[in-house]
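I am opening a notebook on this structure. My entries cover what I looked up, in the order I looked.

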Amino acid sequence: MRHPQAVLAAALSLTAALAAVPATTATATAAPSPAGGPAAASAAASGYAAYAGSGENAKANKAFYEAVMRSVAEKRAADPGALAVTVVYSAANAPSFRTQIARSTQIWNSSVSNVKLQEGSNPDFRYYEGNDSRGSYASTDGHGRGYIFLDYRQNQIYNSTRVTAHETGHVLGLPDHYSGPCSELMSGGGPGPSCQNAQPNAQERSRVDYLWRNGLAAAKVS
């Protein structure tokens, strides 16, 4: 959930995302430009700019999607016979959100079969926490590494498990779709702070399974 104005820069900074992580876990105002995240539905309620769709946002979503698909292809090539690709994460840098991260992991692992999230060492991506006027977001370098930043204030306004599961959805290859209903996880902040749903719908679950079964080939025909 963040300002739509920050999106264009995101598409240009994906390859450098791994080298730069949020500046600090207390005030991450110098964090890299985000590549995905739900926008706030009401500026008056949240202090974040209301999402109003833009070509820049579409470009950033596409860039993020393509970066994740390159990661999928690399993992599939490394172990083509695996029933599910394992994506390892670290929650060490987001201790305040351990419960939400664990719940988000449980939600996704019970929703899809071709990719599994697992906490461990040498992670593919990390969770961070702090304050950022852009809200929460996800970023990747396109080579199996990246991070999710969870903003304190935003997680107080919106259902925190929904925010976490939404951002994790970007790591799994799903783009934002702010105009969707509350039943759609990737609609993010579009339905407003009253939305409590943290579960992906059937279409989102099917899409993630399809992508992680077919990797880059799926991206090319999408």
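Entry one. Why is strand E3 (residues 125-130) largely enclosed by the rest of the structure? The model I am reading is a predicted one. I checked the burial of E3 and found that five of its six residues are buried, so the strand is largely enclosed by the rest of the structure. I took buried to mean under 20% relative accessible area.

Entry two. I then looked up the strands that pair with E3. Strand E1 (residues 85-93) pairs with E3 in the parallel sense, over three bridges. I noted one residue pair here: Asn93 has Tyr128 of E3 as its bridge partner. E3 is also joined to strand E5 (residues 146-151) by six bridges, and these two strands run parallel. For Tyr127, I found the bridge partner Ile148 in E5.

Entry three. How many disulfides does a search of the whole structure find? I ran through the result and it is one. The disulfide joins Cys182 to Cys195, with an S to S distance of 2.0 Å. I read 85 degrees about the S-S bond, and the link is right-handed. Both cysteines lie in the loop between helix H6 (160-171) and helix H7 (202-214), so the pair ties together parts that are 13 residues apart in sequence.

Entry four. Is Cys195 buried or exposed? I found Cys195 to be buried, because its relative accessible area is 3%. Its partner Cys182 has 28% relative accessibility, so I entered Cys182 as partly exposed.

Key
Residues are numbered from 1 along each chain as its sequence is written. This is a predicted model: local features need pLDDT of at least 70, side-chain atom pairs count only at pLDDT 80 or more; totals for chains, interfaces and linings use all residues. Side-chain values use heavy atoms; hydrogens and water are left out. A disulfide is a pair of cysteine sulfur atoms within 2.5 Å. Helices (H or I, at least four residues) and strands (E, at least two) are DSSP runs, numbered from the N terminus. Buried means under 20% relative accessible area, exposed over 50%, partly exposed in between (1.4 Å probe, protein chains only). Two strands pair if DSSP finds at least two bridges between them.
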